[in-house]
Amino acid sequence: MLQVVDLECVRGDRRLFSELSFELLPGELLHLYGHNGSGKTTLMRAICGLIQPTAGEVLWNGESSRKLAEDFTQEVIYVGHKNGIKDDLSGIENLRISCALDGCPISEQQAWDALEEIGLRGQEDLPTQVLSQGQKRRVGLSRLLVHKARLWILDEPFTALDKAAVGFLQSVIRRHIDQGGMVILTTHQEVTLTEGQVKRLQLGWKEEGHV
Amino acid sequence: MFEAYLAILKRDLILAVRRRSDVFTTLFFFVIVVSLFPLGIGPELKTLRLIAPGVVWVAALLASMLALERLFAVDYADGTLEQMLLAPQPLSVLVLGKVTAHWLITGLPLVLMAPLLGLQYDLSIEALKVLLISLLLGTPALSLIGAIGAALTLGLRGGGVLVSLLVLPLCIPVLIFGAGAVEASVSGLGEVGHLYMLGAIVLLALLLAPLATSAALRVSAE
């Protein structure tokens, strides 16, 4: 379970949000929304620990995520604006290296399977610099297929993806939720995931965010 | 933990092989700077022997600064640094992997080339041997100390100059004992003391630099 308690972030001299609290249970999806610059990315980066919040803390199963350190980051996968892939390496190499870093090494066959599943059949062993923007995004997202992390933090995961890939990614996210995973997501696209039984958090309307 | 170290090391070595310019820039810079001095000063063997240790060591120091700026900047730009920061591994271990790769790519070729270049200065075989050992001990320390500077200046404009300003003063002890070892050997004083000091510096850097670098990376990447 993820709990965010009285979180406050200040960037420059702007206070993006303060006294922000919410909790996320296994099997829940949190859709963050708000206008550009309202602090969605900052909030996500603060939750996964890339940014030190000005005040407040993030609790994982009741313990501070800072204290848990590696025990927490093991449970989190963060996909940001940057794909986190090397242009000179192939999709296979990129995926295998990032899995090795995440402490769950995969075999070459698993990497081939994952990339084929995400729709890169035939391009798996090309250097990613020759791939299109959307294909690079797919390589970056392929970690989701093989990773065992329970909390997914996805910042605009649908950008640059075509319709088929958006549909596929939604089904992957849906499957993760059904298996008891947690997802925090921002997107400006209307997708079925953001309708119905999801938690929503609006940033930027008032000083305080609320669920 | 060790797998992650190897994964980073292997990745950076593969990247270096696919993009060889970094290796060659550093090496050529070193070769050219060291070769320019005999041409500029003239063929007076006594003078050349005198300045050899200093020239080779200063050139090695400057050459090792060249690729430093890119050490973390590329990872920062493509987002792989974020992954490293969020990996369930001690960041200092990953940093050590990157520094090891950096040394193998930019430091080691330079060490191997040095005895050959030393011939231009009419150094004896004994002195060349000491030069090789002192560089072998000293250049890892340069990479380790340099990594701190590279991490501190990450994401800043004009970071390259700033890295040199930050790092070069910290490298002075390495320079003094490295060049000193060769001089001591040439003058017959015995190089052992200097080499011990170099060894101590490397060990200290090995212990502290990865920790300082990872702390700096966390701040810079915010």
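**Stop 1: the two domains of chain A**

Start by colouring the domains of chain A: their centres, taken over C-alpha atoms, are 24 Å apart. For the selection, use residues 1–75 plus 150–211 as domain 1 and residues 87–148 as domain 2, as the domain assignment gives them. Keep in mind throughout that this is a predicted model.

Now show the residues where the two domains touch. You should pick up 16 residues from domain 1 of chain A and 11 residues from domain 2 of chain A. Together the two domains bury about 1,100 Å² between them, and carbon and sulfur atoms account for 63% of that area.

Next, look for charged pairs across this boundary. The count between domain 1 and domain 2 of chain A is one salt bridge. While you are here, display A:Arg138 and A:Asp162 as sticks: their side chains meet in a salt bridge, with 2.9 Å from N to O. Polar contacts across the domain interface come to three residue pairs, with both residues at pLDDT 80 or more.

Which elements should you highlight on the domain 1 side? S7 and H8 of chain A each supply at least two residues of the side that touches domain 2. H8(A) gives the largest share of that side, with five residues. Colour the domain 1 side by class and you will find nine nonpolar, two polar and five charged residues.

**Stop 2: A:Ile118**

Move to the loop between helix H5 (108–117) and helix H6 (133–141) of chain A, and select A:Ile118 there. Is A:Ile118 buried or exposed? At a relative accessible area of 8%, it falls under the 20% cut-off and so counts as buried.

Show what surrounds A:Ile118. Beyond its neighbours within four places in sequence, A:Ile118 is in contact with A:Arg138, A:Leu141, A:Ser142, A:Leu145 and A:Phe168. You may recognise A:Arg138 from the salt bridge with A:Asp162. Then draw a distance from A:Ile118 to A:Ala164: the two are 46 residues apart in sequence, with 9.9 Å between their C-alpha atoms.

**Stop 3: two positive phi angles in chain A**

Open the backbone torsions and select A:Glu156, in the loop between strand S7 (151–155) and helix H8 (163–178) of chain A. A:Glu156 is not a glycine, yet its phi is positive, at about 50°. A:Glu156 has 11% relative accessibility and therefore counts as buried.

Now jump to A:Asp6, in strand S1 (residues 2–11) of chain A. A:Asp6 also has a positive phi of about 50° without being a glycine. A:Asp6, at 40% relative accessibility, counts as partly exposed.

**Stop 4: where chain A meets chain B**

Zoom out and bring chain B into view. Select the contact between the chains, and you will have 27 residues from chain A and 27 residues from chain B. The area buried between chain A and chain B is about 2,500 Å², with 55% of it from carbon and sulfur atoms.

How many salt bridges are there between chain A and chain B? The count is five. To see a salt bridge up close, pick B:Asp75 and A:Lys86, whose side chains meet at 2.4 Å, N to O. The interface of the two chains also has 12 residue pairs in polar contact, both residues at pLDDT 80 or more.

Colour three helices of chain A next: H1 (40–48), H3 (70–73) and H4 (91–101) each supply at least two residues of the side that touches chain B. Of the elements on this side, H4(A) has the largest share, five residues. By class, the side of chain A that touches chain B has nine nonpolar, nine polar and nine charged residues.

**Stop 5: two serines in chain B**

Finish with helix H7 (residues 125–152) of chain B, and select B:Ser134. A polar atom of the B:Ser134 side chain lies 3.0 Å from the backbone oxygen of B:Leu131. B:Ser134 has 0% relative accessibility and so counts as buried. Not counting residues up to four places away in sequence, B:Ser134 touches B:Trp57, B:Gly178, B:Ala181, B:Val182, B:Leu195 and B:Leu198.

The last selection is B:Ser185, in helix H9 (residues 172–186) of chain B. B:Ser185 counts as buried too, at 14% relative accessibility. Its contacts, leaving aside neighbours within four places in sequence, are B:Glu126, B:Ala127, B:Val130 and B:Glu191.

Terms used
Residues numbered from 1 in each chain as written. Chains lettered and ligands numbered in written order. Predicted model: local features only at pLDDT ≥ 70, side-chain atom pairs only at ≥ 80, totals over all residues. Heavy atoms only, no water. Contact = heavy atoms within 4.5 Å. Buried area = accessible area lost by both parts, 1.4 Å probe. Salt bridge = Lys/Arg side-chain N within 4 Å of Asp/Glu carboxyl O. Polar contact = N/O pair within 3.5 Å; in protein donor to acceptor, adjacent residues only side chain to side chain. Helix = DSSP H or I, 4+ residues; strand = E, 2+ residues; numbered from the N terminus. Nonpolar A, V, L, I, M, F, W, Y, C, P; charged D, E, K, R; others polar. Buried < 20%, exposed > 50% of the residue type's maximum accessible area, 1.4 Å probe, protein only. Domains from an automatic or database assignment.
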